[in-house]
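Colleague: Please take one part of this model and go over it closely. After that, set it against the rest of the chain, without interpretation beyond the coordinates.

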Amino acid sequence: MSSDLGMMDNGPTIVYEWLKTLQLCQYVESFVDNGYDDLEVCKQIGDPDLDAIGVFTPHHREKVLRAVERLRDEDEKMAPGLYFTLEPLPHGTCPQISDCKQKCTKSWVNSTWDRPRIGLCNDIKALENHKEPVVYPKLKLKIMIRDKLVKDGIDLSKMPYSYKDGSLGNIEDLAQEYSEYYSTSYSEVCDRMEELRKRRVTQEAETGKAESTTSLQLRLEIQESLGLSSAVSTPEVERR
């Protein structure tokens with residue numbers, strides 16, 4: 001209980017409250033320790049993320065995934081409210097309002113066209129060139145990059161991103177492309193991409209070892225089933 005209170009004092013109260021409604025408060029520390037300290041990040045949760053967090057009980061996983069779907073649905077319902085359109089005034093509108101609208105519009109158009117066009121273009125270009133990069137939480141950016149790599153069919157454990165010995169190859173061009181795609185910091189994308197690359201290389205190495213062990217075991221089983229063994233080729237066995 002003391003750890004729960006500590007979590008609330010430190011900040012991620014909303015995640016605590018969210019898990020509390022799901023009756024899964026026991027996972028609060030695991031969520032926060034793995035970077036899921038905000039509902040925006042929690043909306044990205046999938047099965048691999050639950051493995052990383054340590055939620056293995058099937059009905060607990062189902063609870064979390066259903067709650068994540070509800071969070072996403074709420075976002076979709078709220079999104080239309082952020083947009084609006086300007087509609088024509090209905091018939092019978094006060095003439096004074098209509099006159100005022102016309103005067104204001106004419107005044108704005110005149111003042112805009114009176115400005116030097118070159119200066120206006122330069123202002124726009126200056127604003128575009130000084131856009132602040134979008135800052136994402138590290139874990140959220142990592143998940144976004146991971147999903148895009150899967151979508152693009154890119155394996156960071158292969159050339160040219162990794163050499164055969166698993167060392168770092170060339171990810172700079174790809175990192176630059178992704179940083180522009182997400183309008184975020186190039187260095188942040190590089191760091192997250194390198195974390196994903198190392199993890200992928202490790203997984204490939206472990207898979208290769210497992211396949212090698214399985215292949216050896218299969219070969220031994222085949223030899224035994226055929227009545228063959230290393231002893232067959234020894235001089236003692238031949239003399240017998």
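Modeller: Contact here means heavy atoms within 4.5 Å. The model is predicted, so to speak of local features a pLDDT of at least 70 is needed, side-chain atom pairs count only at pLDDT 80 or more, and totals for chains, interfaces and linings use all residues. Residues are numbered from 1 along each chain as its sequence is written, and side-chain values use heavy atoms, with hydrogens and water left out.

The part I take is the surroundings of S162, a residue in the loop between α9 and α10. Helices in this account are DSSP runs of H or I with at least four residues, strands are runs of E with at least two, and both are numbered from the N terminus. S162 has a relative accessibility of 1% and therefore counts as buried; buried means under 20% relative accessible area, exposed over 50%, and partly exposed in between, with a 1.4 Å probe and protein chains only.

Leaving aside neighbours within four places in sequence, the residues in contact with S162 are L156, S157, S167, G169, R197 and V201. L156 appears again in a polar contact: its backbone oxygen lies 2.6 Å from a polar atom of the S162 side chain. (A polar contact is a pair of N or O atoms within 3.5 Å; within protein, one must be able to donate a hydrogen and the other to accept it, and residues adjacent in sequence count only if both atoms are side-chain atoms.)

The loop between α9 and α10 also holds P160. The peptide bond that joins M159 to P160 is cis, with omega at about 5°.

The helices on either side of this loop bring us to some aromatic residues. The charged end of K148 sits over two rings: that of Y181, at 4.0 Å from the ring centre, and that of Y178, at 5.2 Å from the ring centre. A charge sits over a ring if NZ of Lys or CZ of Arg is within 6 Å of the ring centre and within 35 degrees of the ring normal.

Rings also pair with one another, and the structure holds 4 aromatic pairs. One of them is W18 with F31, edge-to-face, at 6.3 Å centre to centre and 75° between the planes. This pair links distant parts of the chain, since W18 belongs to helix α2 (residues 13-21) and F31 to helix α3 (residues 28-33), 13 residues apart. W18 is buried at 9% relative accessibility, and F31 is buried with a relative accessible area of 0%. Y136 and Y182 have ring centres 6.4 Å apart and planes at 80°, so this pair is edge-to-face. Here too the pair links distant parts of the chain: Y136 lies in the loop between α8 (117-129) and α9 (138-152), Y182 in helix α10 (residues 172-182), and 46 residues separate them. Y136 is partly exposed at 22% relative accessible area, whereas Y182 counts as buried at 13%. The rings of Phe, Tyr and Trp (its six-membered ring) pair if their centres lie within 6.5 Å; planes under 30 degrees apart count as stacked, over 60 as edge-to-face and the rest as tilted. W18 and F31 join Y36 in one aromatic cluster.

Helix α3 also contains E29, which is partly exposed at 36% relative accessibility. The C-alpha atoms of E29 and Y16 are 9.1 Å apart, with their positions 13 residues apart along the chain.

Two loop residues other than glycine have positive phi. Q23, in the loop between α2 and α3, has phi of about 60° and is exposed at 63% relative accessibility. S183, in the loop between α10 and α11 (186-225), has phi near 55° and is partly exposed at 42%.

As for the whole protein, there are 12 helices and 0 strands. Buried residues make up 25% of its 240 residues. Of the contacts with a separation of 6 or more, 56% are between residues 24 or more positions apart. There are 0 disulfides, a disulfide being a pair of cysteine sulfur atoms within 2.5 Å. C25 is partly exposed at 22% relative accessibility, while C190 is buried at 16%.
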